[in-house]
Amino acid sequence: MRLACRVVGLGQDALGDDGAGLEVVRHLRAAPEGNLRGVEYVEARDPSDLVALVEGPRRVAIVDAAVGGGALGEIVEIDPEALGRVRGRSASAHGMDVVDAIELGRAVHGARMAPEVRLFAIAIGPGGTWGEGLSPAIRAAVPRAARAVR
C-alpha cells in the first residue's frame with residue numbers, strides 16, 4: 001500500500017520559535033485522531049532532509065517557521081511551485097531554501113515524487129532566539145496549524 005500522506009515538521013528545538021513545525025507534528029501525532037492509517041509524521045531538522053522525504057506518498061505536507069511570512073503566529077499555505085517562480089531571498093528560517101530541496105527532490109525522484117506537496121508557514125519574528133520552547137504567540141498557533149494541515 002502506498003503511503004497516503006507524510007506530514008513533515010521542519011525546525012530546530014534549540015532555536016525557540018524555529019521549532020514550530022516540529023511542535024505541529026508532535027501535536028498531530030498526540031491527537032486522538034493522530035494515528036490515522038496511511039499517515040506518517042516526521043520531524044526534520046534541515047531542509048535538505050526534504051529531498052528524501054518528498055519521495056513515495058501521494059501527498060506531503062511540510063510545516064515550517066518563516067520569518068516575515070505574515071503577522072506573528074499567522075499560518076500561511078504556500079504553493080511551492082509559485083514560490084519557486086518568485087525566488088529572491090528565502091522565507092525559511094533555515095540556511096537552505098525549502099523550495100530548492102523540493103525541486104531537487106523532483107529532479108532526483110521523478111515519477112516517485114509525491115504528486116501533491118503543500119507548504120504551511122508559521123510566521124515568526126526576526127532574529128531567532130536560542131533556547132528551547134516556543135513563544136506564547138507561536139505556541140497558540142500550533143493547534144491552528146495542525147487544523148490547517150489536516
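This dialogue explains how to read several features of the structure shown above.

Student: What kind of model is this, and how are its residues numbered?

Tutor: This is a predicted model, in which local features need pLDDT of at least 70 and side-chain atom pairs count only at pLDDT 80 or more, while totals for chains, interfaces and linings use all residues. Residues are numbered from 1 along each chain as its sequence is written, and side-chain values use heavy atoms, with hydrogens and water left out.

Student: How many helices and strands does the chain have?

Tutor: Helices (H or I, at least four residues) and strands (E, at least two) are DSSP runs, numbered from the N terminus. Here the chain has 5 helices and 5 strands. Read from the N terminus, the elements follow the order β-α-β-α-β-β-α-α-β-α.

Student: In what order do the strands lie in the sheet?

Tutor: Two strands pair if DSSP finds at least two bridges between them. In this structure 5 strands form an open sheet with mixed pairing, in the order β2-β1-β3-β5-β4. The edge strands, β2 and β4, each pair on one side only. From one strand to the next, the twist averages 20°.

Student: Which strands run parallel or antiparallel to β5?

Tutor: β3 and β5 run parallel and are joined by 9 bridges. Within this pair, V60 has V117 as its bridge partner in β5, A61 stands opposite R118, and V67 stands opposite I124. By contrast, β4 and β5 run antiparallel, with 4 bridges between them; the bridge partner of I78 in β5 is L119.

Student: How many bridges join β1 to β3?

Tutor: These two strands pair in the parallel sense over 5 bridges. R6 has V60 in β3 as its bridge partner.

Student: What does "buried" mean, and how much of the chain is buried?

Tutor: A residue is buried under 20% relative accessible area, exposed over 50%, and partly exposed in between, using a 1.4 Å probe and protein chains only. Of the 150 residues in the chain, 45% are buried. In β3, 8 of the 9 residues are buried, so this strand is largely enclosed by the rest of the structure. β5 is also mostly covered, with 8 of its 9 residues buried.

Student: Where do the side chains of a strand point?

Tutor: In a regular strand, side chains alternate between the two faces of the sheet.

Student: What does R59 in β3 touch?

Tutor: Contact means heavy atoms within 4.5 Å. Not counting residues up to four places away in sequence, R59 touches A4, C5, R6, A114, E116, R118 and V149. R59 lies in strand β3 and counts as buried because its relative accessibility is 14%. A polar contact is a pair of N or O atoms within 3.5 Å; within protein, one must be able to donate a hydrogen and the other to accept it, and residues adjacent in sequence count only if both atoms are side-chain atoms. The side chain of R59 reaches the backbone oxygen of V149 at 2.9 Å.

Student: How is the length of helix α5 judged?

Tutor: The expected span of a helix is 1.5 Å times one less than its number of residues. Helix α5 (residues 136-149) has 14 residues and reaches 21 Å from its first C-alpha to its last, close to the 20 Å expected.

Student: Where does α5 bend?

Tutor: The bend at a residue is the angle between axes fitted to the seven residues ending there and the seven starting there. In α5 there is a bend of about 30° at V142, and the proline P143 follows within four residues.

Student: Which residues of α5 are buried, and which elements do they pack against?

Tutor: I138, A141, V142, A145, A146 and V149 are the buried residues of α5. They pack against β1 (5-10), α1 (20-30), β3 (59-67), β4 (75-78) and β5 (116-124).

Student: Is E23 in α1 buried or exposed?

Tutor: E23 lies in helix α1 and is buried, because its relative accessible area is 19%. Its side chain makes a polar contact with the side chain of R139 at 3.4 Å. E23 also touches residues further along the chain, including L134 and V142. Beyond E23, the buried residues of α1 include A20, L22 and L28, and the buried residues of this helix pack against β1, β2 (39-44), β3, β5 and α5.

Key: Axes fitted to C-alpha atoms, helices over the stretch in contact; angles between N-to-C directions.
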